[in-house]
Amino acid sequence: HRSFFLALFKHLMLLEKRGCPRTALEFCKLILSLDPENDPLCVLLLIDFLSLRAREYTFLTRMFQEVESHRNLSQLPNFAFSVPLAYFFLSQQEERSELEQSQAQEKAARLIQLALIMFPSVLMPLLDHCSVQPDARVASHSFFGLNAQISQPPALNQLTSLYVGRTHSLWKDPAVMAWLEPNVHEVLRMVDARDPLVEESEHKRKTLYQSAPRNIYRHIILSEVKEAMAALPLEVTSQPVMGYDPLPPLDSIVSYTRPERTNRPSNESTLSLFFRSLLPNFNLQGDIRHERDEEAGAGQDLNQGVNRLMAAMRDMLANIQFQEPPRDDNPEGDGDWD
C-alpha cells in the first residue's frame, strides 16, 4: 500500500503548486484518515499549511482543539505557529461578531507567545525570509539570537527549518507582522522576568527532540523543502533514496525480486543457452539453487526437454539434402510464362 500513499501525496503536492489548495487539503485529510495513528508520510506537518492556504481557519482551530489532548500537536512547530495565525485571521473577519473577534484575538496572542517561548529559533529565520528587519531590542537579545538555532537538537532543527521554508510566504502580510511584533516584545519581557514557563520550555526542547522518527525524514524528502533537506542527518543523506519508495520501513518486504544470475561457466552449448534464456525462469546455473526438491526436479525436466529438442534439430539438419535444380535443355526458351 506504500505506492498508494505516495501517489496520493505527490498528487496533493501537485495540486497545491497549481493553485488548488482546497482540493489538496481534502487529499491530505484522506491520507491522514487512512492511517491516523502511524501517519507514514507525516501529513500532520503539512495539513496546517494547506488549511491556511485554503483559508480553512475554522477547520484548523477545531482540529487542534479536538486532537491536542491526545496527540500534543502543540509540540510540533507547525501547529504551534499556524494555529495562532489562523486565530488572527479569524479575528480579522468582519462578518464575525465583536465577541468572536475579541476571543480570537486573545487566543491568537496567547498561543503565539507560547510558540515563541517554546520555539525561539523560528523567529529570526522567519523574519529573514520575509525580508523584515527586527528592531534593536529583538536583534540584540540572546533569546532569539544565533544561539537559539545552534543549541537546539538536530531533530527540532529539521522541524523548524521545514516550517519556515514552507510557510514563510503566509507571514509576509504587513498586518501579520504588525500583530507579531508586540507579542515578541511580550515574550522578551517574560524572559527577562525569568518566567518559569521559559525554563520549562527549554527543558522540553532538550529532552523531547533527540531524534526524529523515520516518517518525518520521509516527509522532508518528499516535500523537497531545501531548508529542511539541508538539515537531514548524514545517515539519511548518505544512503540511496528511491523516489518511488523513499526510506521504506526497516521491516518491509520486497515483493518483486529478480532471480540472481551468476557468471559461472556452463558446459551447455551456445544454442542450448539461447533456448533456455527465452524462458522466464532462466538461470545460468541450471536449477535455481536446490532449496526445494520440486524446483530441482523441474530443473532436470527442463534440461531433458532441451536436450531432446537439440537432438531433434541435429537429426533434422543431418537429413537435409540439397538437390541441384533441373537443367533446361532449351536455354533460349520461347519467352512465355508457365
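The exercises below work through a predicted model of one protein chain, each with a solution in steps.

**Exercise 1. The chain as a whole**

Work out what the secondary structure of the protein chain comes to, what share of its residues is buried, and how many disulfides are counted.

Solution. The secondary structure comes to 17 helices and zero strands. Of the 338 residues in the protein chain, buried residues make up 41%. When contacts between residues at least 6 apart in sequence are considered, 71% of them join residues at least 24 apart. For the disulfides, the sulfur atoms of a cysteine pair would have to lie within 2.5 Å, and by this rule the count comes to zero. Two cysteines can also be classed by accessibility, where buried means under 20% relative accessible area: Cys-28, at 0%, counts as buried, and Cys-130, at 10%, counts as buried too.

**Exercise 2. Helices α5 and α6**

Describe how helix α5 and helix α6 are oriented to each other, and which residues meet between them.

Solution. Two packed helices are described by the angle between their axes and the distance between the axes. Helix α5 covers residues 77-91 and helix α6 residues 98-118; their axes come within 8 Å and cross at roughly 160 degrees. Angles over 145 degrees count as roughly antiparallel, and α5 is therefore roughly antiparallel to α6. The handedness of the crossing, in which α5 passes α6, is left-handed. On the α5 side the contact residues are Ala-80, Phe-81, Val-83, Pro-84, Tyr-87, Phe-88, Leu-90 and Ser-91, and they meet Gln-101, Ala-104, Gln-105, Lys-107, Ala-108, Leu-111, Ile-112, Ala-115 and Leu-116 of α6. Sorted by class, this contact has 13 nonpolar, three polar and one charged residues.

**Exercise 3. Two partners of helix α13**

Compare the packing of α13 with α1 and with α10, giving angle, handedness and contact residues for each pair.

Solution, first pair. Helix α1 (residues 2-17) and helix α13 (residues 214-223) have axes that come within 11 Å and cross at roughly 45 degrees, and the two helices are therefore oblique to each other. Their crossing is right-handed. From α1 the contact draws on Leu-6, Phe-9, Lys-10 and Met-13, and from α13 on His-219, Leu-222 and Ser-223. By class, the contact of α1 with α13 has four nonpolar, two polar and one charged residues.

Solution, second pair. Helix α10 (residues 154-167) packs with α13 at an angle of about 30 degrees, the axes being 11 Å apart. Angles under 35 degrees count as roughly parallel, so α10 is roughly parallel to α13. Here α10 passes α13 in a left-handed crossing. The contact is formed by Gln-158, Leu-159, Leu-162 and Arg-166 of α10 together with Ile-216, Tyr-217, His-219, Ile-220 and Ser-223 of α13, and by class it has five nonpolar, three polar and one charged residues. His-219 and Ser-223 of α13 appear in the contact with α1 and again in the contact with α10.

**Exercise 4. Surroundings of Phe-79 and Glu-56**

For Phe-79 and Glu-56, find the element or loop, the accessibility class and the residues touched.

Solution. Phe-79 is found in helix α5 and is buried, its relative accessible area being 0%. Not counting residues up to four places away in sequence, Phe-79 touches Leu-44, Ile-47, Leu-60, Met-63, Phe-64, Leu-73 and Pro-84. The C-alpha atoms of Phe-79 and Thr-61, which are 18 residues apart along the chain, are separated by 9.6 Å.

Glu-56, by contrast, is in the loop between α3 (47-53) and α4 (57-71), and at 23% relative accessibility Glu-56 counts as partly exposed. Leaving aside its neighbours within four places in sequence, Glu-56 is in contact with Arg-22, Leu-25 and Ser-51. The C-alpha atoms of Glu-56 and Arg-22 are separated by 8.2 Å, although these residues are 34 apart along the chain.

**Exercise 5. Positive phi values**

Asp-39 and Arg-194 each have a positive phi in a residue other than glycine; locate each and decide whether each is buried or exposed.

Solution. Phi of Asp-39 is near 45 degrees, and Asp-39 lies in the loop between α2 (21-34) and α3. With a relative accessible area of 3%, Asp-39 is buried. Phi of Arg-194 is near 55 degrees, and Arg-194 is in the loop between α11 (174-192) and α12 (196-208). At 74% relative accessibility, Arg-194 counts as exposed.

Note on methods: Residues numbered from 1 in each chain as written. Predicted model: local features only at pLDDT ≥ 70, side-chain atom pairs only at ≥ 80, totals over all residues. Heavy atoms only, no water. Axes fitted to C-alpha atoms, helices over the stretch in contact; angles between N-to-C directions. Helix = DSSP H or I, 4+ residues; strand = E, 2+ residues; numbered from the N terminus. Parallel < 35°, antiparallel > 145°, perpendicular 65-115°, else oblique. Left-handed = near helix turned anticlockwise from the far one by under 90°. Contact = heavy atoms within 4.5 Å. Nonpolar A, V, L, I, M, F, W, Y, C, P; charged D, E, K, R; others polar. Buried < 20%, exposed > 50% of the residue type's maximum accessible area, 1.4 Å probe, protein only.
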